[in-house]
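The following exercises concern the cysteines and the strands of one protein chain. Please attempt each task before reading its solution.

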Amino acid sequence: LPIQAPDLSECQTSGTSSGNNCCPPYSATIIDYKFTPTGKLRVRRPAHKVDEAYLAKYKKAVELMRALPADDPRSFIQQANVHCAYCDGAYDQVGFPGLELQVHESWLFFPFHRLYLHFHERILGKLIGDDSFALPFWNWDAPDGMILPRIYTDSNSSLYDPLRNPAHQPPELVDMDLDDGDAPTRQKQIERNLSLMYRQMVSNAKTTPLFMGLPYRAGGNLKPGAGSMENSPHSSIHIWVGDPSQPDGEDMGTFYAAGRDPIFYAHHANVDRMWQVWKKLSPRNVDFTDRDWLDTSFLFYDEDARLVRVKVRDCLEPEMLGFTYQEVDIPWIKKRA
Ligand code: C2O
C-alpha cells in the first residue's frame with residue numbers, strides 16, 4: 001500500500017533529531033490538489049545565466065517571502081520547515097505510530113522534491129504578482145555552472161545565507177566526490193565531475209530503482225536505499241555548500257536546515273531536471289508504474305495558504321505542473337570513464 005500524507009495534528013514539535021520544532025501551522029481543511037496548467041509554462045533557467053531583470057524579481061520575491069509573518073505557511077522559515085518536517089522525524093507514518101516518515105533514500109526522493117519546489121515557486125511568483133515566475137536551476141553538471149552561482153553570494157541580497165563554507169565561494173569549483181581529495185588542476189576537477197555525472201546518470205542508473213531509489217511502502221522502514229543521483233552529486237553538493245564549522249554543516253549540509261539557504265531550491269531544480277534528462281537518455285529509463293509509488297501522497301500549503309493533498313502520479317512530468325526547463329548542453333554525456 002502507498003504511504004499516506006502525514007497527519008498534521010500529530011506532528012511532533014520536539015520529536016525531530018535536531019530538536020527543532022518544524023511543524024507547519026495546523027489546518028483541518030485539506031483540499032485534494034488538482035492542478036490544471038493554464039497559460040505559458042514557467043521556464044526554469046540556469047542560475048549562472050540569468051539577466052538583471054530576472055534577478056531583481058527573484059530577489060524581491062525571496063525578500064517578500066522572508067518578510068511574511070513566521071506563522072504564515074508561505075513564509076521563508078515555514079518553507080524551510082517543510083523540508084525539516086518531512087525528513088527529520090516530525091511525522092510518523094499514518095497508521096504506524098512510532099514509525100518515522102522520511103522522504104530521502106527511497107523512491108520518494110524525486111517526486112517529493114519536485115512537488116515541494118512547485119509550491120515554493122508558485123508562492124514566490126504570487127508574492128511579486130508574476131504567474132510566469134520560475135526558479136533558476138544550478139547547472140552544476142556543466143563546466144560553466146560548476147561554481148556556487150554568483151547570484152547567491154551578495155551578502156546584501158535576500159538570496160544570501162551566511163551559513164556556507166567560506167572556502168567554497170566562487171571561483172572554487174564544486175567537488176562532486178568528496179572522497180577523492182583535491183584535484184590537481186581546475187581542468188582535472190571539471191573532468192572528474194563530468195565523469196561522475198556520467199556514472200550516476202548512465203552506468204549506475206540502468207534500472208529505475210538504481211536511479212530513483214528503492215520502494216518504500218506503508219509500514220516500511222525509512223531509508224530503504226537511495227538512487228544514484230541522490231547519493232551524488234545531490235548529497236555531496238549539499239555538504240560542499242554547508243559550513244563545516246557549524247555543528248551539522250548548516251545550512252545546506254543537514255536536513256533540518258538545508259531549506260534555509262535559498263540556494264537549496266536552485267540545487268534541487270537541477271536535481272529535478274536530472275530526472276527529466278534521465279528519462280530522455282534511453283527508452284529503458286521510465287518511471288515506476290507501481291501504484292504504491294503513484295498513490296503516495298503529501299501535504300503542502302499552496303500559494304493561497306490552502307492545505308492541499310497531492311499524489312506522486314500528478315507530478316510525473318514538469319509540464320503537468322506548469323513548468324519546464326530551458327534546454328542546455330549535456331556535456332557529460334560523452335564522458336564515459
Ligand atoms: Cu531533501 Cu537535497 O534534500
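**Exercise 1. The hairpin**

How many residues lie between E5 and E6 in the hairpin, and which residue in the turn has a positive phi?

Solution. The model is predicted; local features need pLDDT of at least 70, side-chain atom pairs count only at pLDDT 80 or more, and totals for chains, interfaces and linings use all residues. Residues are numbered from 1 along each chain as its sequence is written, and side-chain values use heavy atoms, with hydrogens and water left out.

Step 1. Helices (H or I, at least four residues) and strands (E, at least two) are DSSP runs, numbered from the N terminus. Strand E5 covers residues 297–301, and strand E6 covers residues 307–311.

Step 2. Five residues separate E5 from E6 in this hairpin. In the turn, alanine 305 has a positive phi of about 60°.

Step 3. Tyrosine 301 stands opposite leucine 307 in E6.

**Exercise 2. The sheet**

Determine the strand order of the sheet and find the strands at its edges.

Solution. Step 1. Strands of a sheet pair through backbone hydrogen bonds, either parallel or antiparallel. Two strands are counted as a pair if DSSP finds at least two bridges between them.

Step 2. E5 and E6 run antiparallel and are joined by five bridges. E1 and E6 run parallel and are joined by two bridges; aspartate 32 has arginine 309 in E6 as its bridge partner.

Step 3. The result is an open sheet of three strands with mixed pairing, in the order E1-E6-E5. E1 and E5 each have a single partner strand and stand at the edges, so one side of each has no neighbour in the sheet.

Step 4. Helix H3 (residues 109–127) lies across E5 and E6 and runs at about 15° to E5. For such angles, axes are lines fitted to C-alpha atoms, for helices over the stretch in contact (heavy atoms within 4.5 Å), and angles run from 0 to 180 degrees between N-to-C directions.

**Exercise 3. The disulfides**

Identify the disulfides and describe each one.

Solution. Step 1. A disulfide is a pair of cysteine sulfur atoms within 2.5 Å. By this rule there are two disulfides.

Step 2. The sulfur atoms of cysteine 11 and cysteine 23 are 2.0 Å apart, and these residues form a disulfide. The torsion about their S-S bond is about -90°, so this disulfide is left-handed.

Step 3. Cysteine 22 and cysteine 84 form a disulfide with sulfur atoms 2.2 Å apart. Their link is left-handed, with -65° about the S-S bond. Cysteine 22 lies in the segment before E1 and cysteine 84 in helix H2 (residues 76–87), so the pair ties together parts 62 residues apart in sequence.

Step 4. With the bonded cysteines numbered in sequence order, the pairing is 1-3, 2-4.

**Exercise 4. The cysteines without a disulfide**

How far is the sulfur of cysteine 315 from the closest cysteine sulfur? Is cysteine 87 buried or exposed?

Solution. Step 1. The sulfur of cysteine 315 is 17 Å from the closest cysteine sulfur, in cysteine 87, which is too far for a bond.

Step 2. Buried means under 20% relative accessible area, exposed over 50%, and partly exposed in between (1.4 Å probe, protein chains only). Cysteine 87, with a relative accessible area of 3%, is buried. Cysteine 315 is buried, at 0%.

Step 3. The bonded cysteines can be classed by the rule for burial. Cysteine 11 has 12% and is buried, and cysteine 23, at 14%, also counts as buried. Cysteine 22 is buried at 1%, and cysteine 84 is buried at 1%.
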